[in-house]
Amino acid sequence: MKNNNTDSRRKFLDKGLKLGLITAIGAIGLTKIASKLNAKNSEASTGKMELMTTDGTIIEVDSSEVMEMDHSKKQKKQEEQEAYDVREGMPNRKFVMVIDLAKCKNALKCQTACNKQHYITGEHAWLKVYKMQEDEDTAPYWMPTTCMHCDHPACVTVCPVDATFKRRDGLVLIDNERCIGCRFCMAACPYSTRVFNWKEPNQGEITMLMDMEHQTEHNSAEFAGLPSVKGTVDKCDFCPHAIKDNELPHCVTACPNGVFYFGDKYEDTVTNGEETLILSKLLADKHGYRLMEGLGTKPSVFYLPPVDRLVDFKEGLESFTDYKSVDKPE
Amino acid sequence: MKNYDKLLNDLAPQKFGKKGVIWTISLIVLIVLGIAAYIDQVIKGQMVTNMNDYALWGVYISNFVFFVATSFVGTVAVAVLRLTKNNWRTPVVRIAEIIAVAAIIMAGLTIMIDMGRPDRLLNLFIHGRMQSPITWDVIIIPTAMMVCLLLLYFPLLPDFGLLNKYYKDKQPNLSKWYGKLSLNWTGSEAQKSIQSKSIQIIAILIIPVGFMLQTIDAWLFSTLYRVGWDSTNLGAYFISGAAVAGVGALVTATYVLQKVYKLEDYITDLHFDKLGKFLVLVCLIYLYFNLNEYLIPQLTSKKGATTHINVLFVGEYAPLFWFVIVGGLIVPVIVLLFKNGRKPLPMFLIGLLVVAGSWWKRYLIVTPTLLHPFLPIQGVPEEWHHYFPSMHEWVITIGTLAMALLIITILVRYVPIVPIQKTADEQEELELELNKNTTK
């Protein structure tokens with residue numbers, strides 16, 4: 001048994017090293033290609049530009065010698081911010097998540113962080129870790145679930161008022177200022193991921209803060225979903241407030257076991273904060289799959305099967321609570 | 001004209017007796033209680049119900065489906081019997097139309113009780129999207145409501161005209177109202193031809209509208225992935241189930257009205273006999289679709305389907321399920337096959353059984369499916385593994401049922417239950433035929 005364990009650990013390290021190496025090589029290759037492309041661009045533009053020096057004389061310079069300065073970039077970023085539309089999302093991005101079931105031991109730090117960061121006051125967490133066992137004859141495992149942010153989202157199809165919507169960057173969000181509370185989306189979701197605010201959420205200071213922010217900065221990413229509103233639907237939002245600032249969703253950073261990887265499908269990379277991997281290679285190597293693929297919902301969340309596990313399933317049983325997913329202040 | 005006098009005396013709407021007043025007041029009390037409970041729900045949120053994130057729809061939705069189903073009686077009794085030239089229908093069509101109007105109005109109201117944000121109702125029109133089955137419902141329910149109302153109103157025109165004259169001296173105020181409602185009906189040939197053409201159009205129109213209404217109601221469920229709803233059978237299943245609920249309600253109401261208004265001369269054993277045979281037919285059709293819905297998935301026994309069906313056959317919901325199937329469908333068929341079973345009183349009892357079965361049937365369509373999602377129910381309070389309506393839900397639901405009965409009560413108070421003009425015409429025809437026979 002012990003031998004086996006060290007064996008699998010060695011295998012894992014080996015794989016990790018290899019992957020790391022490949023990533024490094026890939027990255028070098030990419031920068032080389034990118035720099036070549038850039039060079040080509042500047043070579044192609046042979047025109048002259050008129051510029052004014054600090055002492056007021058006009059000089060003529062080859063445009064290939066002109067470089068974009070930092071402050072202009074800043075301005076561009078600001079413009080992007082202003083153009084940011086909560087319903088459209090970030091242009092040219094496609095966010096995905098990979099959940100490695102082999103690493104999950106039900107530490108539940110993801111859930112605690114998620115509950116805290118989203119001020120969840122109801123009975124039902126947005127992120128849950130299921131105790132799964134398909135059949136008596138198969139092995140049990142821990143399965144964290146978030147919203148799958150499907151590319152064919154059943155919830156969006158059935159929403160009568162377009163309150164839940166799909167963004168270009170892959171996120172499925174809810175406009176809880178528009179939601180009429182019919183709960184059709186909840187019935188439609190095969191992953192039972194949606195929760196309803198059966199009563200006044202009472203999120204305390206967050207409500208006031210958010211209300212103030214919305215008045216000044218109406219188009220903020222936080223606007224979709226927070227704060228919660230009585231009689232409307234909530235769910236995992238992939239933390240648009242974090243990814244807008246180039247930060248990882250809270251579950252990813254909170255996980256002590258590096259179970260969650262988050263990234264951009266177009267960039268073909270995902271990271272769990274410690275290691276950054278090539279998405280397509282990761283999925284191919286570790287036989288990634290999606291939940292209930294047969295339904296055709298095309299989720300944005302991928303799972304890596306619970307093989308070569310680092311820890312015993314039973315270790316997680318200590319923190320397993322069948323009837324609770326949100327800690328309540330006593 | 002002598003003929004009319006007797007008919008009018010028999011059939012003109014009568015004031016409530018003591019019993020009628022007590023009945024109406026108790027209905028109003030139940031409605032007021034329901035409204036109070038609903039206001040409380042709006043203030044506190046739907047936490048006052050026993051619904052949760054798994055049993056996310058409950059008795060409000062099943063009650064809504066029941067009302068939609070019952071409104072189908074308008075289509076069945078009026079349009080289908082008309083097309084098949086079943087002339088015995090005359091004394092019961094008005095009752096069917098009244099039930100249909102009450103049921104469809106209540107369907108429209110009850111669906112709003114389930115909404116988490118009724119204050120945002122207008123969003124359905126401002127932001128409505130055609131791809132959502134709820135939008136289809138938003139279109140079809142008001143359409144069906146209009147068609148049902150017109151189907152009740154057009155045939156009433158000559159009766160209102162008669163009542164206008166009848167009450168001229170006795171109750172001038174009431175007479176004025178009937179006069180206005182009759183749209184100056186004089187009974188001229190031109191008016192008669194317009195009226196009969198309009199009825200013809202509406203009676204044909206109500207067939208596709210009724211079918212669409214029931215089918216869209218079924219699609220609210222069958223467009224979702226859930227086991228027990230995800231079925232191509234569901235549209236036809238709902239239509240046939242609606243016929244059962246509708247005819248059951250018609251039988252029950254007909255018996256009560258016959259007794260209360262002493263209409264034994266007009267609604268006879270023959271009518272109960274015919275209605276009984278009709279109820280057997282619709283029950284058999286519904287049983288056929290139930291076989292499709294429950295036995296065939298059991299044969300292939302996919303895991304999800306077996307879990308769902310076992311809960312119904314032998315599990316938590318077995319007593320209710322077998323009450324609905326045996327009490328609500330099989331027993332009525334057996335009893336009504338006997339001639340004595342189709343006498344008024346046994347018919348009334350069977351009718352009650354069928355209506356109760358139909359109501360619980362909707363509950364069984366909505367609830368058990370939701371309690372068996374694809375992923376196991378974990379990380380939620382233990383109560384969330386089950387669902388049974390809370391006090392608020394019962395009070396509100398009973399309030400809606402009372403409101404439906406009140407609409408029926410008010411309509412039968414002011415509208416002749418048995419069409420007067422039509423009965424007179426039919427009697428005249430009969431007499432003509434008799435005369436012909438004797439002169440020969």
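**Figure 1. Where chain B meets chain A in this predicted model.** On the chain B side, 35 residues are in contact with 40 residues of chain A. Helices α6 (123-126) and α7 of chain B each put in at least two residues of that side. The largest share comes from α7(B), with three residues. Sorted by class, the chain B side is a mix of 16 nonpolar, 12 polar and seven charged residues.

**Figure 2. A look along helix α7 of chain B.** This helix runs over residues 133-153, so to speak 21 residues end to end. From first C-alpha to last, α7(B) reaches 30 Å, close to the 30 Å expected at 1.5 Å a residue. Its buried residues are Pro133(B), Ile134(B), Trp136(B), Asp137(B), Ile141(B), Ala144(B), Val147(B), Cys148(B), Leu151(B) and Leu152(B). Viewed down the axis of α7(B), these buried residues sit within an arc of 140°, so they line one face of the helix.

**Figure 3. What the buried residues of α7(B) pack against.** Their partners come from both chains: α4 (154-158) and α5 (184-188) belong to chain A, while α4 (73-83), α5 (90-113) and α10 (189-222) belong to chain B.

**Figure 4. Inside the largest nonpolar core.** This core holds 186 residues. Those with the most contacts inside it are Phe260(A) from chain A, plus Val73(B), Ala96(B), Ile99(B), Val247(B) and Leu250(B) from chain B. Zooming in on Ala96(B), and skipping residues up to four places away in sequence, we find Ala96(B) touching Val73(B), Gly74(B), Ala77(B), Val78(B) and Leu250(B). Val73(B) and Leu250(B) thus turn up on both lists.

Terms used:
Residues are numbered from 1 along each chain as its sequence is written. Chains are lettered from A and ligands numbered from 1 in the order in which they are written. This is a predicted model: local features need pLDDT of at least 70, side-chain atom pairs count only at pLDDT 80 or more; totals for chains, interfaces and linings use all residues. A nonpolar core is a set of buried Ala, Val, Leu, Ile, Met, Phe, Trp, Tyr and Cys residues joined through C-beta atoms within 7 Å. A residue is buried if 20 or more other C-beta atoms lie within 10 Å of its own, exposed if 12 or fewer, and partly exposed in between; C-beta atoms are placed from the backbone. Two residues are in contact if their C-beta atoms, placed from the backbone, lie within 7 Å. Helices (H or I, at least four residues) and strands (E, at least two) are DSSP runs, numbered from the N terminus. The expected span of a helix is 1.5 Å times one less than its number of residues. The arc is that of the directions from the helix axis to the C-beta atoms. Ala, Val, Leu, Ile, Met, Phe, Trp, Tyr, Cys and Pro count as nonpolar, Asp, Glu, Lys and Arg as charged, and the others, Gly among them, as polar.
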